[in-house]
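Reader: I have a structure in front of me and would like to learn how to read it, one feature at a time. Could we begin with the way helices pack and then go on to the other features?

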Amino acid sequence: MAEMRDRYDAMVIGGGIAGMQAALDLGEQGFEVLLVERTPSIGGVMVGLNKVFPTLDCSSCICTPRMAESAHHPRIRLQTYTEVRQVEPVGTGFRAELECKPRYLNEDTCIGCDECELACPVEVPHEFDYGLGARRAIYIPHGNAIPQKAVLDVEHCIFCGKCEKVCPTTCIDFAAEPRTVHVDVGAVIVATGLDILPMGRKVEYGGGRLPNVMNPLAMERIQSSNGPYGRVLRPADGKIPKSIAYIQCAGSRDRSIGVPYCSRVCCMYALKQALLLTHYIHGVEVTLYYMDIRAFGKGYEQFYRRAVREGVRVVKGKVARVTEADNFDLILRVELLDEGGRVDEHRYDLVVLSQGLIPGWHPEGVIDLDVADDGFFETPEIKLNPSFTTMSGVFVGGVAAGPKDIPDAIVEAGEAAMAAANYLTRTRWRTRTHAA
Amino acid sequence: MQHYRVDPTLGNEIAAFGGQTLGRCFSCGNCTAVCGLSKGDTVFPRKIIRYLQVGLSDRLLESPEPWLCYYCGTCSSTCPRNAEPGELMMATRRWLVSRYDWTGLSRRLYLSEAWELGLLAMMALVVLALFVVPGWLGLPFGFKAIDASAAAHVRLDLFAPTRIVHSGDWTLAGLLVLLLGINAVRMVAFVRKGMGQLKVPLSVWAGKAYEIAVHGATQKRWLQCDNDTLVRWLLHFLLVTGYVTMLLLVVVFLPWFQREHADFHFTAIFGYYGTVTILGITLLAMRGRLRKREQYYRFSHVSDWMFLVLLFLTALSGILLHIFRLLDMPWPTYVLYVAHLMIAVPMLIVEVPFGKWNHLVFRPVAQYLVAVREAAQARQPVPVPATRRAHAVAR
């Protein structure tokens with residue numbers, strides 16, 4: 001990995017799959033790139049997924065090489081656990097203020113041996129597993145994390161000192177402070193990705209309240225071989241679910257919860273999870289309630305047909321209500337549109353809400369960029385220059401510009417990198433003399 | 001197979017009746033599934049909205065479902081498209097009223113404020129004329145009948161003799177019941193047509209008649225709604241008791257209720273109850289419609305306002321009339337007497353057979369019709385599904 005400098009060609013905000021793609025594309029072209037990530041590891045949402053549609057590739061298997069490539073690239077400086085505080089235009093470039101949050105250990109000497117984590121007596125619900133598993137107060141974010149360095153969660157730490165005693169390189173530093181760093185960059189790429197709509201937003205579905213009404217990303221973790229349970233169990237009582245329902249448009253295309261747009265990925269991820277569930281659990285019944293199936297990408301319609309052929313039941317109708325029966329089972333109330341409008345109440349072991357995507361980051365107070373009504377970055381030239389924002393020299397890629405799947409995010413991040421490269425060349429921004 | 005004609009103007013028509021969000025619905029079925037009243041064969045609102053969208057006015061006319069909705073607003077507040085299904089149901093009820101009404105007057109009143117206000121004003125003038133014209137003709141009634149004694153003390157026996165007013169009450173009541181009854185019979189005929197080939201024996205028609213009384217008296221199905229139901233149901237129930245109390249006092253017990261000058265009779269206590277409930281509850285409802293906080297108060301048609309304002313003014317003029325009489329102030333009493341009737345009579349004539357008040361008949365009758373349909377269906381042999389039948393033939 002490159003050393004930290006005070007001047008870069010481009011700064012990429014966000015170390016998910018789109019941000020990594022943009023950084024790699026620029027780095028390969030000879031530009032010096034600073035890749036800033038808010039959390040302790042790069043990889044974003046994708047590294048936590050089980051498999052990806054429509055190929056059913058193992059997500060972390062294709063994501064981790066990109067992570068390693070980004071981390072080891074000679075012209076990419078990785079700055080994890082760092083927040084962008086301010087970005088101001090200076091000439092054709094920008095001056096950025098970054099806040100490097102302390103890991104409470106010496107990152108240069110930490111060897112990622114995991115001794116501290118094993119010694120730590122505090123257990124905390126693990127964010128990476130959406131609270132289903134546990135981690136310690138000092139921990140390596142997850143098995144595929146890059147960098148493989150521990151981070152101390154100072155909010156939960158009891159300062160018992162056990163980690164300090166076992167650390168073979170004595171790198172623990174309880175007195176660490178946040179550092180503020182200033183850098184000059186020639187261009188900025190925003191790839192700040194997504195959040196999932198809060199589970200409790202549609203009150204009628206009981207998300208966040210009923211334990212067996214699940215977040216789809218948590219379902220990804222449960223299905224993953226390195227997930228919290230190691231097999232598919234339902235959270236409330238550890239029972240193997242034999243009947244599972246997916247509620248589509250649970251957090252999209254719904255003005256009553258303020259998300260009028262289609263999130264574009266839910267149909268496919270739900271079909272993928274549903275199909276895999278039929279592989280993982282013997283004799284499971286998986287039902288997917290939908291308003292419209294939007295399988296628009298390459299090979300997606302075929303994937304939809306395959307899922308139906310392999311036993312996923314698809315039912316047209318918007319679920320209106322989920323209530324808990326005895327024994328943590330759930331009852332769905334839905335009008336069956338293809339059965340003469342009959343109102344059906346059906347019991348399930350587990351319900352997954354196909355929550356929509358919302359912006360992962362709002363630029364207010366940091367960088368003077370416009371966002372659209374839906375909260376995603378405004379792209380005034382969406383047709384011919386889809387990565388242009390409302391500020392010249394700042395480009396956007398991935399879900400930050402609007403909901404999209406991984407292939408589209410990668411294409412768009414590459415476009416943003418190309419647009420940034422053109423901008424840097426046009427403005428004659430030079431961090432150092434490039435070998436011609 | 002019954003054939004239906006598509007009515008392409010239905011969408012625009014329902015917009016005129018207050019349902020302006022029809023185009024927003026994309027038929028996801030959330031409203032029907034979220035509705036606690038929607039079950040079995042009576043599913044709504046989506047089905048009704050679908051009829052509106054595709055212009056099936058005949059099917060709409062055959063549906064009792066709009067009258068089963070009490071507008072709790074849950075469907076509207078959870079609608080993914082903000083299509084306001086609750087308000088579309090409300091507009092459908094207005095449209096149905098206009099179709100049940102054979103005179104065509106109801107339609108004019110709903111669609112034109114000029115007609116509504118004009119007819120109310122005209123009826124008010126007719127009432128006024130009743131207190132003026134007979135006097136000119138030398139009959140002992142109205143303002144001409146006020147002599148020296150009636151100018152000194154309240155003498156309603158001279159100004160508006162109970163005997164005459166009482167027979168007027170009965171005439172009006174008879175007229176209203178007749179008009180309402182014809183509309184109710186038309187409603188039954190429309191809905192029966194919608195039952196198609198279903199055999200409904202007379203025993204079922206007669207056996208379920210008690211449903212009209214039960215639902216008319218209690219509106220108990222409302223309690224299965226989702227949103228602050230109990231409070232709304234209770235307020236509505238109190239309003240009805242207040243209104244029925246006044247109706248009984250005026251139509252049945254007028255000889256006791258209408259007294260001379262400072263004469264107090266115990267029936268006045270019932271009158272106070274009616275006045276307090278009507279004034280209080282109409283005020284609450286008007287405040288709700290102004291604040292627009294609850295889903296069911298967010299949209300107000302002219303007819304909704306007219307209903308509340310006239311009811312409120314009737315009770316207000318009534319209690320003022322009572323106070324002036326007790327104070328033995330003759331002229332204010334006579335003027336208020338006429339004013340009270342100039343509000344109450346037009347209100348009854350316009351609202352009961354042609355306006356919002358007729359829900360007092362259509363709602364219980366709809367419950368009855370649904371009960372009849374279900375009972376008749378239960379007597380039918382279970383039909384074999386078409387696919388299975390085809391399979392059997394193939395074998």
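Author: Let us begin with the handedness of a helix pair, and keep in mind throughout that this is a predicted model. In chain B, helices α14(B) and α16(B) make a left-handed crossing.

Reader: At what angle do the axes of α14 and α16 of chain B cross?

Author: The axes of α14 (residues 229-251) and α16 (residues 267-291) of chain B cross at roughly 140° and come within 8 Å. An angle over 145 degrees would count as roughly antiparallel, and α14(B) and α16(B) are therefore described as oblique to each other.

Reader: Which residues of α14(B) and α16(B) meet?

Author: A general idea helps here: an α-helix has 3.6 residues a turn, so residues three or four places apart point the same way. On the α14(B) side the residues that take part include B:Leu235, B:Leu238, B:Leu239, B:Gly242, B:Met246 and B:Leu249, and on the α16(B) side they include B:Phe270, B:Gly274, B:Thr277, B:Ile278 and B:Ile281. Sorted by class, this contact of α14(B) with α16(B) holds 11 nonpolar and seven polar residues, with no charged ones.

Reader: What is the handedness of the crossing of α13(B) and α19(B)?

Author: There α13(B) passes α19(B) in a right-handed crossing. Helix α13 (residues 210-218) and helix α19 (residues 359-379) of chain B have axes 8 Å apart and pack at an angle of about 140°, and α13(B) and α19(B) are therefore oblique to each other. From α13(B) the contact takes B:Glu211, B:Ile212, B:His215 and B:Gly216, while the residues from α19(B) include B:Arg363, B:Tyr368 and B:Ala371. By class, the contact of α13(B) with α19(B) has five nonpolar, three polar and two charged residues.

Reader: How many helices and strands does chain B have as a whole?

Author: Chain B has 20 helices and zero strands, and its C-alpha trace spans about 100 × 45 × 35 Å along the principal axes. Of the 395 residues in chain B, 38% are buried. Among the contacts in chain B with a separation of 6 or more, 72% are between residues 24 or more positions apart.

Reader: I would like to try a single residue: where is B:Phe141 found, and is B:Phe141 buried or partly exposed?

Author: B:Phe141 is found in the loop between α8 (113-136) and α9 (148-152) of chain B. For the second part one counts neighbours, and since a buried residue needs 20 or more, B:Phe141 counts as partly exposed because it has 19 C-beta neighbours inside 10 Å. Leaving aside residues up to four places away in sequence, B:Phe141 touches B:Pro134, B:Gly135, B:Ala160, B:Pro161 and B:Ile164. The last of these, B:Ile164, is 23 residues from B:Phe141 along the chain, and their C-alpha atoms are separated by 8.8 Å.

Reader: How many residues of chain B are in contact with chain A?

Author: The count is 17 residues of chain B in contact with 17 residues of chain A. On the chain B side, α2 (30-34), α3 (46-54) and α5 (74-78) each give two or more residues, and α2(B) gives the most, with four. This side of chain B has six nonpolar, seven polar and four charged residues.

Reader: Turning to chain A, what is the order of strands in the open sheet of three?

Author: The order is β18-β19-β20 in chain A, with antiparallel pairing. The strands β18 (319-324) and β20 (342-348) of chain A stand at the edges with a single partner strand each, so one side of each has no neighbour in the sheet. Five bridges pair β18(A) with β19 (residues 330-336) of chain A, and A:Val322 has A:Leu332 in β19(A) as its bridge partner.

Reader: How many residues lie between β6(A) and β7(A) in their hairpin?

Author: Two residues lie between β6(A) and β7(A), and A:Gly91 in the turn has a positive phi of about 60°. The antiparallel strands β6 (residues 82-90) and β7 (residues 93-100) of chain A are joined by eight bridges, with A:Val87 opposite A:Ala96 in β7(A).

Notes
Residues numbered from 1 in each chain as written. Chains lettered and ligands numbered in written order. Predicted model: local features only at pLDDT ≥ 70, side-chain atom pairs only at ≥ 80, totals over all residues. Axes fitted to C-alpha atoms, helices over the stretch in contact; angles between N-to-C directions. Parallel < 35°, antiparallel > 145°, perpendicular 65-115°, else oblique. Left-handed = near helix turned anticlockwise from the far one by under 90°. Contact = placed C-beta atoms within 7 Å. Nonpolar A, V, L, I, M, F, W, Y, C, P; charged D, E, K, R; others polar. Pairing = 2+ DSSP bridges. Buried ≥ 20, exposed ≤ 12 C-beta atoms within 10 Å, placed from the backbone.
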